[in-house]
Amino acid sequence: MENISGGFLSKKLLLHICCAPCLMYPYAASAKKFGLVAGYFHNPNIHLYSEYLRRKNTLEEFSAKVNLKVIYDKEYKMEEFIRNVVFREKNRCFYCINSRLEKTAALARSSKFDYFSTTLLYSKHQNHDYIKEAGYNLQERYGVGFYYNDFREGYKEGIRLSQNYGLYRQNYCGCIYSEKERFYSFPNNNKKIKDRYSGRGNVFK
Ligand code: SF4
């Protein structure tokens, strides 16, 4: 499978979206290269459900503004996610990344997209090399091109755009374990939690 270096204006891209703030730069960059970009919101790793809904609603509002079609899962399979990482919490991110990418590759193939990719490639907090490797492995398995781009190049631009749109920007990665890691650190945990609910805490993205 060939890699993309220039524009592929006759091609269709299915872009996995972890959240609206992380979408800003990857969408701007991909829309210039592909004839069609559609999003896929598949994130059973986002906990609690109220937080999942908040991120989903933020994406729905943004996608309506820019006329971006997004496919949403009909179910929220938090239990399946937890079952697959419990007792292996330290390695949970490998499952989390790979399972979301695999669903995206499978949907891209069944819906006849030419390429798939993910906004996870924008994050400075994720294991970028692992995402890249997993994407290329899935490309071979599913016969759909993996569009690799180091979206971190547009990190500041993405933040600027998300602020311009007034998007909700979360302050932890997604799973309950990441929420604990973000806020549970003695002796300052009480202050961090207060800041989180008052909106003063540092944003994660
Ligand atoms: S820390 Fe983030 S990437 Fe890792 S398992 Fe949790 S939600 Fe997934």
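Helix 4 (92-110) and helix 7 (176-183) each supply at least two residues of the shell around the ligand in this predicted model. Helix 4 gives the most, with three residues. The full set around the ligand consists of Asn45, Arg92, Cys93, Cys96, Cys173, Gly174, Cys175, Tyr177 and Ser178. By character, five residues of this shell are nonpolar, three are polar and one is charged.

Helix 4 also packs against another helix. Its axis and that of helix 5 (residues 128-142) come within 10 Å. The two axes cross at roughly 35°. The crossing of helix 4 with helix 5 is right-handed. On the side of helix 4, the contact involves Phe94, Ile97, Asn98, Leu101, Glu102, Ala105, Ala106 and Arg109. Helix 5 answers with Tyr130, Ile131, Ala134, Gly135, Leu138 and Tyr142. Ten residues of this contact are nonpolar, two are polar and two are charged.

The strands form an open sheet. Five strands take part, in the order 3-2-1-4-5, and their pairing is parallel. Strand 3 (70-72) and strand 5 (145-146) are the edge strands, and each pairs on one side only. In general, the strands of a sheet pair through backbone hydrogen bonds, and the pairing can be parallel or antiparallel.

The pairings can be followed strand by strand. Strand 1 (residues 8-16) pairs with strand 4 (residues 115-118) in the parallel sense, over four bridges. Within this pairing, Leu14 has Phe116 of strand 4 as its bridge partner. His16 stands opposite Thr118, also in strand 4. Strand 1 pairs with strand 2 as well, again in the parallel sense, here over six bridges. Leu15 has Gly39 of strand 2 as its bridge partner. Strand 2 in turn runs parallel to strand 3, and three bridges join the two. Gly39 appears here too: this residue stands opposite Val70 in strand 3. Gly39 thus links to Leu15 and to Val70.

Helices and strands also combine. Strand 1, helix 1 (residues 20-33) and strand 2 make a β-α-β unit, and this unit is right-handed. Helix 4 returns at the sheet. This helix lies across strand 1, strand 2 (34-41) and strand 4. Relative to strand 1, helix 4 runs at about 140°. Helix 4 therefore enters three parts of the description, and its contacts include the ligand shell, helix 5 and the strands named above.Two backbone features stand out in the loops. A cis peptide bond joins His47 and Leu48, with omega at about -5°. Leu48 lies in the loop between strand 2 and helix 2 (49-66). The other feature concerns Phe87. Phi of Phe87 is near 70°, a positive value in a residue other than glycine. Phe87 lies in the loop between helix 3 (78-85) and helix 4.

Technical notes:
Residues are numbered from 1 along each chain as its sequence is written. This is a predicted model: local features need pLDDT of at least 70, side-chain atom pairs count only at pLDDT 80 or more; totals for chains, interfaces and linings use all residues. A residue is near a molecule or strand if its C-beta atom, placed from the backbone, lies within 6 Å of it. Ala, Val, Leu, Ile, Met, Phe, Trp, Tyr, Cys and Pro count as nonpolar, Asp, Glu, Lys and Arg as charged, and the others, Gly among them, as polar. Axes are lines fitted to C-alpha atoms, for helices over the stretch in contact, and angles run from 0 to 180 degrees between N-to-C directions. A crossing is left-handed if the near helix is turned anticlockwise from the far one by less than a right angle, and right-handed if clockwise. Two residues are in contact if their C-beta atoms, placed from the backbone, lie within 7 Å. Two strands pair if DSSP finds at least two bridges between them. A crossover is right-handed if, with the strands pointing away from the viewer, the path from the first strand over the helix to the second runs clockwise.
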